[in-house]
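Let's take a friendly walk through this protein, looking at the empty spaces inside it and at a few residues worth finding in your viewer.

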Amino acid sequence: MHTLLITGPGGAGRTTVAAATALAAARHGQRVLLLSGDIGDPLTALVGDPAAPGLRVARVDSGEEFREELVALQQRGSALLGMVGARPLGAEEITELPGAEQFALLRALRRAAATPDTDLVVVDMPPLHQSVATLALPAQLRRYLARLLPAERQAARALRPVLAQLAGVPMPAQWLYETAARWDEELAAVQAVVEADTTELRLVAEPGPAAADALRLGRLGLALQQLPVSAVVANRMLPQGSTDTWLAGLAAQQETYAAEWAAELPVVPLAHLGRDPRGPQDLERLAAVDALVPQAPAPRRAWAVEDRLAEDGVLVWVVPLPGAHKRDLDLVRRGDELLLTAGPHRRIVPLPGALRRCTVSGAALAEGELRVRFTPDPGLWPRAQ
């Protein structure tokens, strides 16, 4: 199954483009599921009810997801809560906390990717900066769980049944590790969908200087998470050749920025309708652009390690960071991990096996690639026979 994640700077029209993309794919014979977490359900007004043949629409209810998860968590820990005298919350008194939308969308993405009789899942993601953080969340949380609750350090595993029998309740450590294991399993499933070769990202922006800055930083964050962008939808493009000086200047500016984006990525232009899209008829006009229909995504490329031992005595780790500036970047080696900072984004990545036996000897940024040099540590590197 093909998963297409659509995001962009706030106000760029990503929800409309997501709906038009889903409709265009359905008109080309694909079985499409359109998923959105937007409050107020704007998709129904755009797509219509019922939707076009081959198209299904689903909305993520983050409040309901949060209530169900918290109630289930209380039930699993009821013995522990009773031991400390806690009073469980009723479902009717639970309101979602900030951040619940991210978790609900990720769980819905995992379920959607396993939906039968579906060829394409189109996901209307949050604004670009929020999407970068949301897509990075599964890997980040799994790392935190592994550090804070490592399975190999589960204390007194053999004694727990005895202690539980004496206390009359499951021991807190056992409950905590069981909960962490369940969370890790779910996060791993979501991470697998996000990082799959069948998942791609498409950005939506109205060409202009503000959008260009937002796209540069957004692409930088996505590249740091090894999430490639397959295309940019240049939305609300004005017609050329207007006799109105103001409109002609704005149209020329849009063309300039769209051309700059096209030098790096495929660009799909969508014409301005002259008003905000209001319903199925307007959506049909946008969906008539065949270039919206996604093709099979290209396989993802891992960050390459170049062997330059014979020439320069180093191994080079090549990290693609399109649009990066030297002032954006920082890196710190800590044990078997590298802490990478790119603009407002940060990621901690494990080093490949060969690089763990090396020391960082330098780094350089050229043509959108950060090239980190590693020199073999004589005390750790295999000696030539």
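What follows covers a pocket, a cavity, one arginine and one helix.

Please keep in mind that this is a predicted model.

**The open space**

The largest pocket holds about 1100 Å³ of space. It is lined by 36 residues, and those closest to its centre are Leu-227, Pro-228, Val-229, Arg-300 and Arg-301. Strand E5, helix H9 (209-224), strand E6 (229-237) and strand E9 (314-320) each give at least two residues to this lining.

**The enclosed space**

The structure has one cavity of 30 Å³ or more, and about 90 Å³ of space lies in the largest cavity. Around it you will find Leu-135, Ala-136, Pro-138, Ala-139, Gln-191, Val-194, Glu-195, Gln-225, Leu-227 and Arg-347. Helix H6 (128-148) and helix H8 (172-194) are the elements that supply two or more of these lining residues. H6 provides the largest share, with four residues.

Here are the two linings by residue class.

| Space | Nonpolar | Polar | Charged |
|---|---|---|---|
| Largest pocket | 21 residues | six residues | nine residues |
| Largest cavity | six residues | two residues | two residues |

**A buried arginine**

Next, turn to Arg-202, which sits in strand E5 (residues 199-205). Its relative accessibility is 5%, and because buried means under 20%, Arg-202 counts as buried. What lies around Arg-202, once its neighbours within four places in sequence are left aside? Arg-202 is in contact with Leu-4, Leu-5, Ile-6, Thr-7, Thr-21, Ala-231, Val-233, Ala-291, Leu-292, Val-293 and Pro-294. In the case of Ile-6, the two residues are 196 apart in sequence, yet their C-alpha atoms are 5.0 Å apart in space. With Leu-292 there is a polar pair: a polar atom of the Arg-202 side chain lies 2.7 Å from the backbone oxygen of Leu-292.

**An enclosed helix**

Finally, have a look at helix H1 (residues 14-27). Its 14 residues, at 1.5 Å a residue, should span 20 Å, and the end C-alpha atoms are indeed 20 Å apart, so the expected and modelled spans agree. Why is H1 described as largely enclosed by the rest of the structure? The reason is that 13 of its 14 residues are buried. After H1 comes Gly-29, which has a positive phi, near 90°.

Technical notes
Residues are numbered from 1 along each chain as its sequence is written. This is a predicted model: local features need pLDDT of at least 70, side-chain atom pairs count only at pLDDT 80 or more; totals for chains, interfaces and linings use all residues. Side-chain values use heavy atoms; hydrogens and water are left out. On a 1 Å grid over the protein atoms alone, a cavity is a set of points where a 1.4 Å probe fits but cannot get out, and a pocket is an open set with protein on both sides within 12 Å along at least five of seven lines; lining residues have an atom within 4 Å of a point. Grid points are joined across faces, edges and corners, and a volume is the space filled by probe spheres set on the points. Ala, Val, Leu, Ile, Met, Phe, Trp, Tyr, Cys and Pro count as nonpolar, Asp, Glu, Lys and Arg as charged, and the others, Gly among them, as polar. Buried means under 20% relative accessible area, exposed over 50%, partly exposed in between (1.4 Å probe, protein chains only). Contact means heavy atoms within 4.5 Å. A polar contact is a pair of N or O atoms within 3.5 Å; within protein, one must be able to donate a hydrogen and the other to accept it, and residues adjacent in sequence count only if both atoms are side-chain atoms. The expected span of a helix is 1.5 Å times one less than its number of residues.
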